[in-house]
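Student: I'd like to go through this model and check the labels against the cut-offs. Can we take it claim by claim?

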Amino acid sequence: MISNPLEILIIIFILAGISVVIWLGWKGGAANPVTTGNLDQRLQSFDVELSGVRSQVDQIEERVETIEGHYAKASDIERLEKQLRTHARKMDKVIEDISAIREEAAERGALAKSTARQLDLIYEVIVEKGMNA
């Protein structure tokens, strides 16, 4: 039966070698994070979280654009202030013109009153002389 103890040792050595290779392959495969799924699961959960953060950033950007559309920008405010200063200068000019017109109207009113008095005096003189003559 046992032909040669050396042959048996060689067979045992070959079987042990195959067992070690199989065992190392199994152990190495188990240490591989992709096959165990631990790292892959963490990466997938990170991708989900990242996509959630991206969607939140997109929503915030949309809100900021909406707010910018509703509120004036600094350039708009500067442009409006410039227009306001221009209109204020025009209003000052209009107020000066109105004051000049009032003064002129007052002078003409005084002249009209003086002329009316003189006409009254002339009328009285003409009427008296006409009645007496």
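Tutor: Sure. Start with burial: a residue is buried when its relative accessible area is under 20%, exposed when over 50%, and partly exposed in between. Keep in mind that this is a predicted model.

Student: What share of the protein counts as buried, then?

Tutor: Just 1% of the 133 residues. The accessible surface comes to about 12500 Å², and carbon and sulfur atoms hold 64% of that.

Student: What makes up the secondary structure?

Tutor: The protein has 4 helices and 0 strands, running α-α-α-α from the N terminus on.

Student: Where is the confidence lowest, and where is it highest?

Tutor: Helix H2, residues 33–36, is lowest with a mean of 54, while H4 is highest at 88. For the protein the mean pLDDT is 82, with 86% of residues reaching 70 or more.

Student: On to charges. Why is the contact between Arg79 and Asp76 called a salt bridge?

Tutor: The closest N and O atoms of Arg79 and Asp76 are 3.9 Å apart. The cut-off is within 4 Å for a side-chain nitrogen of Lys or Arg and a carboxyl oxygen of Asp or Glu, so the pair qualifies.

Student: How are Arg79 and Asp76 placed along the helix?

Tutor: They sit 3 residues apart in helix H4 (residues 74–132), which means about one helical turn separates them.

Student: And what makes Arg79 partly exposed?

Tutor: Arg79 has a relative accessible area of 44%, and partly exposed lies between the 20% and 50% limits, so the label holds. Asp76, at 27%, gets the partly exposed label too.

Student: How many salt bridges does the rule give?

Tutor: The count comes to 3. One of them joins the side chains of Lys93 and Asp97, at 3.5 Å from N to O. Those two lie in helix H4, 4 residues apart, about one turn of the helix. Lys93 is partly exposed at 47%, and Asp97 is partly exposed at 35%.

Student: How do you know that Glu104 and Arg108 form a salt bridge?

Tutor: Their N to O distance is 2.8 Å. That falls within 4 Å, so the pair passes the test. Glu104 and Arg108 also lie in helix H4, 4 residues apart, again about one turn.

Student: Is Arg108 buried or exposed?

Tutor: Exposed: its relative accessible area is 56%, and the label needs over 50%, so Arg108 clears it. Glu104 comes in at 39%, which is partly exposed.

Student: Which residues make the patch of negative charge?

Tutor: Asp58, Glu61, Glu62, Glu65 and Glu68 gather there on the surface. Take Glu68, which lies in helix H3 (residues 38–70).

Student: What makes Glu68 accessible enough for a patch?

Tutor: Glu68 is partly exposed, at 45% relative accessibility. Patch members need over 30%, so Glu68 meets that requirement.

Student: Which residues form the nonpolar patch?

Tutor: Leu6, Leu9, Ile10, Phe13, Ile14, Ile18 and Ile22, with about 750 Å² of accessible area together. Phe13 is found in helix H1, residues 5–31.

Student: Why is Phe13 called exposed?

Tutor: Phe13 has 65% relative accessibility. The threshold is over 50%, so exposed is the right word for Phe13. The 65% is over the 30% that a patch asks for, so Phe13 meets that cut-off as well.

Notes: Residues numbered from 1 in each chain as written. Predicted model: local features only at pLDDT ≥ 70, side-chain atom pairs only at ≥ 80, totals over all residues. Heavy atoms only, no water. Buried < 20%, exposed > 50% of the residue type's maximum accessible area, 1.4 Å probe, protein only. Patch = residues over 30% accessible without salt bridge, like charges linked within 9 Å, V, L, I, M, F, W, Y side chains within 5 Å. Areas by Shrake-Rupley, 256 points an atom, 1.4 Å probe, with all protein chains shown as cover. Lys, Arg positive; Asp, Glu negative; His and termini not counted. Charge placed at Lys NZ, Arg CZ, Asp CG, Glu CD. pLDDT = per-residue confidence, 0-100.
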